Amino acid sequence: MPTPPETDSPLRAPHVLHHAVDRMGRARAYLTEPVGLDEYLRICRALETYACGAGGSRWSVRGLVTGGPVSPRDVAATLARDTAIEVSQAPSVAGGRRLTCLWTARNLQDRLPPRPVRDAVFREIQDVRARQRELGPVFHERALPMLSRARDHGLSLVCNDPFGDWGSGAVDTEMFVRLVTHFFYVEPETAHRMAHGHGYSTGGNYVFGMNGPDGRLMCVFVMAAWPWGLEPTYTIIDRAQLKDIIDLSVASVLMLLANALIVDRHGPDTLVIGEANSLNARPCLQAGFEPLEPVFFDEDAHPVHTNVVWADNPLGDFGVPYGSAPRVPGYREAPYVNYAVGVLAPHKAEPYRDAALEFLGRGR
């Protein structure tokens, strides 16, 4: 068992939700209320100390800090170390206050991908951002026929809504558990809890699904509530059905409809921030997400990379029997996935609220 933090550690403060090192070597902390930047950095230092002592290879802290945008280079200098640090941020509104959502992380040991891999990811994100700029003027022109194709093929939206308005128990629990357990190595018990709206984030989570014409679950998407806003995550297509839906942009349809409902309920000022890997970065564009610009300060004495997530997790295989928890390969055994950080542009998703209700079977 990993050694717990010291009694007087900032990780034991009531406003810090601290997770022990998980099966992927990650130690994580989430702040449940806004703090000043100095306190935030104190928590980062404490978590790094804990991760090193507990055999972890990555740590991350997410939360709200008071004040305006933070200088990533100042963060790196304060948390001085030779290994690059990740800093991502976006403005957020909570309790009527304008705050900054700050995500900071670092890979330890040799978990950080080598420079050629990082450069390739940088170019890939820039290509996606260029595609986003091209798509902007024709976003709705592309979205409407995409939704029409989904409608013509008899696809339907289902949701496990913590508030019950959009559905309850509508998403196939067994299939959801299989998908998140075997693609993302989530523990089966945690996956079951997530299917019912809790167990992942501090504010509960939505589970959205897209069913085919035969009623089978084809794709899932989770939207998790945190103090800083919402996190889109776990976008997974059932590979067994992929050949039948490849032209339907099912992931984009599912995310766009879910985003429309979220914006309608939570308001356009709510921050929706998450990560996209190379497999779903482009589908995310047609759902209204926009990747933030990555900036790498590799030549600094204390390197810092903004708006990226390095080697966070491996991706698994769907072929493992249901109910088991597959062994997680270490980062030296299998590739760990890199991500671009992005935010939802609410004005892109907002017009599709009525379409979302129609796909839910609740249209007028």
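What radius of gyration does the chain have, and what would a compact globule with 364 residues have? The chain has 20 Å, which agrees with the value near 21 Å for a compact globule of 364 residues. The radius is taken over C-alpha atoms, and the globule rule is 2.2 Å times the number of residues to the power 0.38.

## Basis of the model

This is a predicted model, in which local features need pLDDT of at least 70, side-chain atom pairs count only at pLDDT 80 or more, and totals for chains, interfaces and linings use all residues. Residues are numbered from 1 along each chain as its sequence is written, and side-chain values use heavy atoms, with hydrogens and water left out.

## The chain as a whole

The C-alpha atoms fill a box of roughly 55 × 45 × 40 Å, taken along the principal axes. The chain has eleven helices and 15 strands. Both are DSSP runs numbered from the N terminus: helices are H or I with at least four residues, strands are E with at least two.

Of the 364 residues, 56% are buried. Buried means under 20% relative accessible area, exposed means over 50%, and partly exposed lies in between (1.4 Å probe, protein chains only). The accessible surface of the chain is about 15600 Å². Carbon and sulfur atoms hold 51% of that surface. Such areas come from the Shrake-Rupley method with a 1.4 Å probe; for residues, only the protein chains shown count as cover.

Contacts are counted between heavy atoms within 4.5 Å. Among contacts with a separation of 6 or more, 72% join residues 24 or more positions apart.

## Aromatic pairs

How many aromatic pairs does the structure hold? There are 13. Rings of Phe, Tyr and Trp (its six-membered ring) pair if their centres lie within 6.5 Å; planes under 30 degrees apart count as stacked, over 60 as edge-to-face and the rest as tilted. One pair is Tyr30 with Trp226: the centres are 4.4 Å apart and the planes meet at 25 degrees, so the pair is stacked. Tyr30 lies in strand β2 (residues 26-31) and Trp226 in strand β8 (residues 217-226), so this pair ties together parts that are 196 residues apart in sequence. Tyr30 and Trp226 are both buried.

Tyr206 and Phe208 also form a stacked pair, at 5.9 Å centre to centre with 20 degrees between the planes. Both of these residues, Tyr206 and Phe208, are buried. One aromatic cluster is made of Tyr30, Trp103, Phe184, Tyr200, Trp226, Trp228 and Tyr234.

## Strand β5: Thr100 and its partners

Thr100 sits in strand β5 (residues 97-107). Its relative accessibility is 5%, so Thr100 counts as buried. Which backbone oxygens does the side chain of Thr100 reach? A polar atom of this side chain lies 3.1 Å from the backbone oxygen of Gly67. The side chain of Thr100 also reaches the backbone oxygen of Gly68 at 3.1 Å. Residues up to four places away in sequence aside, Thr100 touches Gly63, Leu64, Val65, Gly67, Gly68, Pro69, Gln89 and Ala90.

## Cysteines

A disulfide is a pair of cysteine sulfur atoms within 2.5 Å. By this rule the count is zero. Cys101 is in no disulfide, and the nearest cysteine sulfur, that of Cys44, is 12 Å away. Cys101 is buried, at 1% relative accessible area.

Why does Cys219 form no bond with Cys284? The sulfur of Cys284 is the closest cysteine sulfur to that of Cys219, but at 10 Å it is too far for a bond. Cys219 is buried as well, with a relative accessible area of 0%.

## Arg142 in helix α4

Arg142 belongs to helix α4 (residues 139-152). Is Arg142 buried, exposed or partly exposed? At a relative accessible area of 39%, Arg142 is partly exposed. Neighbours within four places in sequence aside, Arg142 is in contact with Arg131, Leu135 and Gln286. Arg142 and Gln286 are 144 residues apart along the chain, with their C-alpha atoms separated by 7.9 Å.

## Two loop residues with positive phi

Gln109 has phi near 55 degrees, a positive value in a residue other than glycine. Gln109 lies in the loop between β5 and α3 (115-135). At 53% relative accessibility, Gln109 counts as exposed.

Asn307 has phi near 60 degrees, again a positive value in a residue other than glycine. The loop between β13 (304-306) and β14 (308-313) holds Asn307. With 11% relative accessibility, Asn307 counts as buried.

How values were computed. Polar contact = N/O pair within 3.5 Å; in protein donor to acceptor, adjacent residues only side chain to side chain.
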